[in-house]
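Please open the structure in your viewer and keep the selection tool at hand. The tour proceeds stop by stop, and each stop names what to select.

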Amino acid sequence: MLEPIILSLKIASIATIFSFLFGVSLAYLLNKKNIPGKNFWETLLTLPMILPPSVTGYFLLILLGKRGPIGSTLLELFDVKIIFTWYAAVIAACVVSLPLMYQNAKAAFISVDPVYEKAARTLGSSEWKVFRTITFPLAWPGVISGIVLSFCGAVGEFGATLMVAGNIPGKTQTVPTAIYY
């Protein structure tokens, strides 16, 4: 009974790292830079938050299956199957928890007063230095809440995980699927 707990924590930890990296990067880019099609990309990012998890899992199954665009490419080039592995569970948890990280990071970046960033730029700081020393530290409390919510969402992910990883004891069985079965 300990295996599903360990696997769930492993999957949630890895998914949270990816959600953090993608969520913070995308929140910064979409909200601090002038990106064409910003509303489209933001809608696409937050879609897993409002779709039922099984529908998200179905879309992932279409993409990652051996006849899907990503799955067939991975199978042909590297002889790698993603579906019904714990990697698929990580992808599902990341996709479902990414909107939580994105929304919190977005709110955190919006709350940073641009006066501080402008002052740093006028003093000769590069964009990277402004982000590293001003923007990110001021947004850190909101980013932390995004990390916590992403981790919790990834631990409890059931629908999408069941669709792409299944419930194989000792291989892909997470706590939510173990409880269900």
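The stops below visit a surface patch, a pocket, several salt bridges and a buried residue of this predicted model.

**Stop 1: a surface patch.** Select Phe40, Trp41, Leu44, Leu47, Met49 and Ile50, which together make a nonpolar surface patch of about 610 Å². Next, select Trp41 alone; Trp41 lies in helix H2, which covers residues 38–50. Is Trp41 buried or partly exposed? The relative accessible area of Trp41 is 42%, so this residue counts as partly exposed.

**Stop 2: the largest pocket.** The largest pocket holds about 580 Å³ of space. Select Pro48, Leu60, Leu63, Val95 and Leu98: of the 20 residues that line this pocket, these are the closest to its centre. Then colour the helices H1 (2–32), H2, H3 (53–64) and H5 (86–111), each of which supplies at least two residues of the lining. Which helix gives the largest share of the lining? Helix H5 does, with six residues.

**Stop 3: salt bridges.** Side chains of opposite charge can pair when their charged atoms come close. The model has four salt bridges, and three of them can be visited here.

- Select Glu117 and Lys32, whose closest N and O atoms are 3.2 Å apart. This pair links distant parts of the chain, with Glu117 in helix H6 (residues 114–122) and Lys32 in helix H1, 85 residues apart. Glu117 has 4% relative accessibility and therefore counts as buried, whereas Lys32, at 27%, is partly exposed.
- Select Glu127 and Lys33, which form a salt bridge with the closest N and O atoms 3.6 Å apart. Glu127 is in helix H7 (residues 127–155) and Lys33 is in the loop between H1 and H2, 94 residues apart. Glu127 is partly exposed at 33% relative accessibility, and Lys33 is partly exposed at 35%. Add Arg121 to the selection: Lys33, Arg121 and Glu127 are linked in a network of salt bridges.
- Select Lys106 and Glu42, whose closest N and O atoms are 3.2 Å apart. This salt bridge joins helix H5, which holds Lys106, to helix H2, which holds Glu42, across 64 residues of the chain. Both Lys106 and Glu42 are buried.

**Stop 4: a buried threonine.** Finally, select Thr161 in helix H8 (residues 159–164). Thr161 counts as buried because its relative accessibility is 3%, below the 20% cut-off. Which residues does Thr161 touch, not counting residues up to four places away in sequence? Display Ala89, Ala92, Gly166 and Thr174 to see these contacts of Thr161.

How values were computed. Residues are numbered from 1 along each chain as its sequence is written. This is a predicted model: local features need pLDDT of at least 70, side-chain atom pairs count only at pLDDT 80 or more; totals for chains, interfaces and linings use all residues. Side-chain values use heavy atoms; hydrogens and water are left out. Patches are made of residues with over 30% relative accessible area and no salt bridge: like charges are joined within 9 Å, nonpolar side chains (Val, Leu, Ile, Met, Phe, Trp, Tyr) within 5 Å. Accessible areas come from the Shrake-Rupley method with a 1.4 Å probe; for residues, only the protein chains shown count as cover. A salt bridge is a side-chain nitrogen of Lys or Arg within 4 Å of a carboxyl oxygen of Asp or Glu. Helices (H or I, at least four residues) and strands (E, at least two) are DSSP runs, numbered from the N terminus. Buried means under 20% relative accessible area, exposed over 50%, partly exposed in between (1.4 Å probe, protein chains only). Contact means heavy atoms within 4.5 Å. On a 1 Å grid over the protein atoms alone, a cavity is a set of points where a 1.4 Å probe fits but cannot get out, and a pocket is an open set with protein on both sides within 12 Å along at least five of seven lines; lining residues have an atom within 4 Å of a point. Grid points are joined across faces, edges and corners, and a volume is the space filled by probe spheres set on the points.
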